[in-house]
Amino acid sequence: MCRGPPARHVREPVVEVWSRANCPACSSAKRLLDAEGVTWIERRADRDDAHRRRFQRATDGARTVPQIVIDGECLGGYDDLQRALASGALHLKLGREPPH
């Protein structure tokens with residue numbers, strides 16, 4: 001029987017994508033996250049007043065979608081997501097090694 005160090009359970013960060021219906025940039029952000037193997041939760045900012053208030057609180061008052069929130073910290077919109085991916089910052093926020 002093989003024995004090694006105990007398995008370490010690493011908690012995945014909670015990634016939320018705040019979006020609206022028929023939003024091309026929202027779809028692009030979700031595709032980018034999928035391509036990176038990121039598990040995300042969609043939150044809709046256009047459902048009702050309660051969702052709009054939650055969106056405002058979660059995104060520090062953002063007015064545009066998509067907005068990407070990682071473990072409660074608003075990363076920003078699609079352009080910000082692309083920049084974070086290109087710089088390696090996205091991987092660091094996700095607790096991953098940046099690609100070389």
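**Disulfide and overall architecture**

In this predicted model, Cys23 and Cys26 are joined by a disulfide, with 2.4 Å between their sulfur atoms. The S-S torsion of Cys23 and Cys26 is about 75 degrees, and the disulfide is therefore right-handed. Both partners are shielded from the surface: Cys23 is buried, as is Cys26. A search covering the whole structure yields one disulfide. Cys74 does not take part in such a bond, because the cysteine sulfur closest to its own, that of Cys26, lies 13 Å away, too far for a bond; a disulfide requires the two sulfur atoms to be within 2.5 Å.

The secondary structure of the protein chain comprises four helices and four strands. Read from the N terminus, these elements follow the order β-α-β-α-β-β-α-α. Two strands thus stand in succession between helices, and the series ends with two helices. Along the principal axes, the C-alpha atoms of the protein chain occupy a box of roughly 55 × 30 × 20 Å.

Contacts and burial were then examined for the chain as a whole. Among contacts in the protein chain with a separation of 6 or more, 56% link residues 24 or more positions apart. The protein chain has 100 residues, of which 33% count as buried.

With regard to the surface, the protein chain exposes about 6,800 Å², and 49% of this area is supplied by carbon and sulfur atoms. The protein chain carries 17 positive and 14 negative charges. The mean position of the positive charges lies 3 Å from that of the negative charges.

Terms used:
Residues numbered from 1 in each chain as written. Predicted model: local features only at pLDDT ≥ 70, side-chain atom pairs only at ≥ 80, totals over all residues. Heavy atoms only, no water. Buried < 20%, exposed > 50% of the residue type's maximum accessible area, 1.4 Å probe, protein only. Contact = heavy atoms within 4.5 Å. Areas by Shrake-Rupley, 256 points an atom, 1.4 Å probe, with all protein chains shown as cover. Lys, Arg positive; Asp, Glu negative; His and termini not counted. Charge placed at Lys NZ, Arg CZ, Asp CG, Glu CD.
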